[in-house]
Amino acid sequence: MITAIVLIKTSVDRIPEIAESIAALDSVSEVFSVTGTYDLIAMVRVSRHEDLAEVIPGRISKIPGVEGTDTHVAFRTYSQHDLEAAFAIGLDS
């Protein structure tokens, strides 16, 4: 699974509607409304690199009100949930 973190600039008066539209797309697992330079951050998960082109410039960037994106592809994922699950293997609760 390939994970991309997409930083998104939007029309500030439509952030909730744009976030809902992005969250409704296949391959988008979460959308966060954030402070700072960008208005939204979307987590995109796909099985092939080629699919990123379909999802990000092909769908996210075409949503009315999206003004620009900056995409970062993850090399590796580290998660507290994964660590807890690994340490719990074989333990009875």
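Select D51 first. In this predicted model, D51 sits in helix α2, which covers residues 49-55. Colour by accessibility and check the side chain. D51 is buried, because its relative accessible area is 16% and the buried class takes values under 20%.

Keep D51 on screen and add R48. The two form a salt bridge, with 2.9 Å between the closest N and O atoms. R48 itself is partly exposed, at 45% relative accessible area.

Now add E50. R48 pairs with this residue as well, and here the closest N and O atoms are 3.8 Å apart. E50 counts as exposed, with 53% relative accessibility. So R48 has one partner that is buried, D51, and one that is exposed, E50.

Next, select R59 and E54. These two form a salt bridge whose closest N and O atoms lie 2.6 Å apart. R59 is partly exposed, at 25% relative accessible area. E54 is partly exposed too, at 46%. Go back to the earlier trio for a moment: salt bridges with shared partners link R48, E50 and D51 into one network. In total, the count of salt bridges comes to four. As a general point, side chains of opposite charge can pair when their charged atoms come close.

**From D51 to S27**

Draw a distance from D51 to S27, C-alpha to C-alpha. The value is 9.1 Å, across 24 residues of sequence. Then centre on S27. Which loop holds S27? The one between α1 (15-23) and β2 (28-33).

Check the backbone here. S27 is not a glycine, yet its phi is positive, at about 80 degrees. Most residues other than glycine have a negative phi. The side of S27 that meets solvent is modest in class terms: S27 is partly exposed, because its relative accessible area is 30%, between the cut-offs of 20% and 50%.

**Strand β1 and its start**

Move to T10. This residue belongs to strand β1, residues 2-10. Is T10 buried or exposed? T10 counts as buried, at 2% relative accessibility.

Show what surrounds T10. Leave out neighbours within four places in sequence. The contacts of T10 are then I15, I18, D39, L40, G65, V66 and E67. Keep E67 in mind for a later stop.

Now run back along the chain to M1. M1 lies in the segment before β1. M1 is exposed, with a relative accessible area of 76%. Set this beside T10, which counts as buried.

Which residues does M1 touch, leaving aside neighbours within four places in sequence? Select R45, V46 and S47: these are in contact with M1. Then measure on to H49. M1 and H49 are 48 residues apart in sequence, and their C-alpha atoms are 9.4 Å apart in space.

**A charged patch**

Return to E67, one of the contacts of T10. E67 is placed in strand β4, residues 66-73. E67 is exposed, because its relative accessible area of 58% is over the 50% cut-off.

Add D13, E17 and E20 to the selection. Together with E67, these residues form a negative surface patch. Show the surface, coloured by charge, to see D13, E17, E20 and E67 as a group.

**Zoom out**

Clear the selection and switch to cartoon. The protein chain has three helices and four strands. Trace them in sequence order: the pattern is β-α-β-β-α-β-α. Two of the stops fall in strands, T10 in β1 and E67 in β4. D51 falls in helix α2.

Turn on a contact map if the viewer has one. Take contacts with a separation of 6 or more. Residues 24 or more positions apart account for 66% of them in the protein chain.

Finish with the whole surface. The protein chain exposes about 6,400 Å². Carbon and sulfur atoms supply 55% of that area. How many of the 93 residues, as a percentage, count as buried? The figure is 30%. D51 and T10 are among the buried residues on this route.

Definitions and conventions: Residues are numbered from 1 along each chain as its sequence is written. This is a predicted model: local features need pLDDT of at least 70, side-chain atom pairs count only at pLDDT 80 or more; totals for chains, interfaces and linings use all residues. Side-chain values use heavy atoms; hydrogens and water are left out. Buried means under 20% relative accessible area, exposed over 50%, partly exposed in between (1.4 Å probe, protein chains only). Contact means heavy atoms within 4.5 Å. Accessible areas come from the Shrake-Rupley method with a 1.4 Å probe; for residues, only the protein chains shown count as cover. Patches are made of residues with over 30% relative accessible area and no salt bridge: like charges are joined within 9 Å, nonpolar side chains (Val, Leu, Ile, Met, Phe, Trp, Tyr) within 5 Å. A salt bridge is a side-chain nitrogen of Lys or Arg within 4 Å of a carboxyl oxygen of Asp or Glu. Lys and Arg count as positive and Asp and Glu as negative; His and the chain ends are not counted. The place of a charge is taken as NZ of Lys, CZ of Arg, CG of Asp or CD of Glu.
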